[in-house]
Amino acid sequence: MRTHLLFEIANSHGGSKDYIYKLIDALPQEKNTGIKFQVFKYNEIALKDYAYYKVYVKFFIDKQNWKKIFTHAKSKGLNVWIDVFDLYSVEILKDNLNLVTGIKLQSSVLDNLKVLKGLSETIKDKKIKVVLNIAGRGIDNIRETLANLKANYFPKSEIIPQAGFQAYPTDVEDLTINKIRVLKLEFPELTVSYADHVDGKSPLAFDVPVFAVLAGAEHIEKHVCLDRKSTKYDFQ
């Protein structure tokens, strides 16, 4: 099975739609590659007194522009993925079901019943893949979470558990690549993903994804930006 490489742009665009288009055009057009966008609305993920609230406002992209961005990425041969954080993310997914290959739910979202219900009603029988980041969860909780989501929310979707330390840049001792083998042993029927957050300036930036594949990962998430020096957010 060929490894699926998912390019994560996070908030490297800083709210610039022009940056997003340039980054899409700069990515290699290879088979089995995708691009993931963090879709959210500032007032659904934070309160006004939160330190980064104004930054989230800056990052906001409206529905019309998301559709144009997804369409452009699709035209370049990239699979489109969405990070779902809130009900706005669900609305964007609903408006673009024909363009989206998959979604990702962070560990913190796996207990958000409103979002899960909205996703379940939106996806229904569509073949939307669902990556579940299970960072910080024990194996028993992971087993229960997978069973619950498959039975009650995403019965027709391929569910992909994802390992990977979320703090960045990730220190070598926190890479947790060994968790991939644990997941493969516990869930041999599932594709396992690994989210790599190692320092982009480190030689390990090229090695860690290879180590993850050798450990059994068939799906790799890797952060990208246009230029580290001129990118203000998520350039690490």
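# Close-up views of a predicted barrel model

**View 1. The nonpolar cores of the model.** In this predicted model, the largest nonpolar core comprises 60 residues, and those with the most contacts inside it are F37, F70, L105 and F154. Once its neighbours within four places in sequence are set aside, F70 is in contact with F37, V39, V80, I82, I92, N96 and L99. A second core, separate from this one, has seven residues, among them F40, A46, F59 and Y233. As a general background to such a view, nonpolar side chains in soluble globular proteins tend to be buried together.

**View 2. The closed barrel and the pairing of its strands.** Eight strands form a closed barrel in the order β1-β2-β3-β4-β5-β6-β7-β8, with parallel pairing. On average, and with direction ignored, neighbouring strands of this sheet are turned by 25 degrees against each other. Strand β7 is joined to strand β8, which spans residues 219-223, by four bridges, and the two strands run parallel. Within this pairing, Y194 has I220 in β8 as its bridge partner.

**View 3. Strand β6 between strands β5 and β7.** Strand β6, made up of residues 159-163, is mostly covered, with five of its five residues buried. I159, P161 and A163 lie on one side of β6 while I160 and Q162 lie on the other, and because all of these residues are buried, both faces of the strand are covered. Strand β5 (residues 129-133) pairs with β6 in the parallel sense over four bridges, and V131 stands opposite I160 in β6. Between these two strands the chain passes through helix α7 (residues 139-152), making a β-α-β crossover that is right-handed. Strand β7 (residues 193-196) also pairs with β6 in the parallel sense, here over two bridges, and Q162 stands opposite S193 in β7.

**View 4. Helices α5 and α6 against the strands.** Helix α5 lies across β2, β3 and β4, and runs at about 155 degrees to β3. Helix α6 lies across β3 and β4, and runs at about 165 degrees to β4. The buried residues of α6, which spans residues 113-123, are V115, L116, G118, L119, S120, T122 and I123. These buried residues pack against β3, α5, β4 and α7. K124 follows α6 and has a positive phi, near 50 degrees.

**View 5. A buried salt bridge between strands β1 and β2.** The structure holds 14 salt bridges, and in one of them the side chains of E8 and K36 meet at 2.3 Å, N to O. This pair links distant parts of the chain, since E8 belongs to strand β1 (residues 4-10) and K36 to strand β2, 28 residues apart. E8 counts as buried because its relative accessibility is 1%, and K36 likewise counts as buried because its relative accessibility is 0%.

**View 6. Salt bridges that involve helix α1.** The side chains of D18 and K22 meet in a salt bridge at 3.3 Å, N to O. Both residues lie in helix α1 (residues 17-26), where D18 and K22 are four residues apart, about one turn of the helix. An α-helix has 3.6 residues a turn, so residues three or four places apart point the same way. D18 is partly exposed, because its relative accessible area is 46%, and K22 counts as partly exposed because its relative accessibility is 47%. D25 and K76 also meet through their side chains in a salt bridge, at 3.7 Å, N to O. This second pair links distant parts of the chain, with D25 in helix α1 and K76 in the loop between α4 and β3, 51 residues apart. D25 counts as partly exposed at 41% relative accessibility, and K76 counts as partly exposed at 26%. Elsewhere, salt bridges that share partners join E8, K36, D83, K104 and E221 into one network.

**View 7. The surroundings of K179 in helix α8.** K179 is found in helix α8, which covers residues 178-186. With a relative accessible area of 35%, K179 is partly exposed, because this value falls between the limits of 20% for buried and 50% for exposed. Not counting residues up to four places away in sequence, K179 touches G136 and A163. The C-alpha atoms of K179 and A135 are separated by 9.9 Å, although the two residues are 44 residues apart along the chain. A163, one of the contacts of K179, is among the buried residues of β6.

Technical notes. Residues numbered from 1 in each chain as written. Predicted model: local features only at pLDDT ≥ 70, side-chain atom pairs only at ≥ 80, totals over all residues. Heavy atoms only, no water. Buried < 20%, exposed > 50% of the residue type's maximum accessible area, 1.4 Å probe, protein only. Contact = heavy atoms within 4.5 Å. Core = buried A, V, L, I, M, F, W, Y, C linked by side-chain atoms within 4.5 Å. Pairing = 2+ DSSP bridges. Right-handed = clockwise from strand over helix to strand, strands pointing away. Axes fitted to C-alpha atoms, helices over the stretch in contact; angles between N-to-C directions. Salt bridge = Lys/Arg side-chain N within 4 Å of Asp/Glu carboxyl O.
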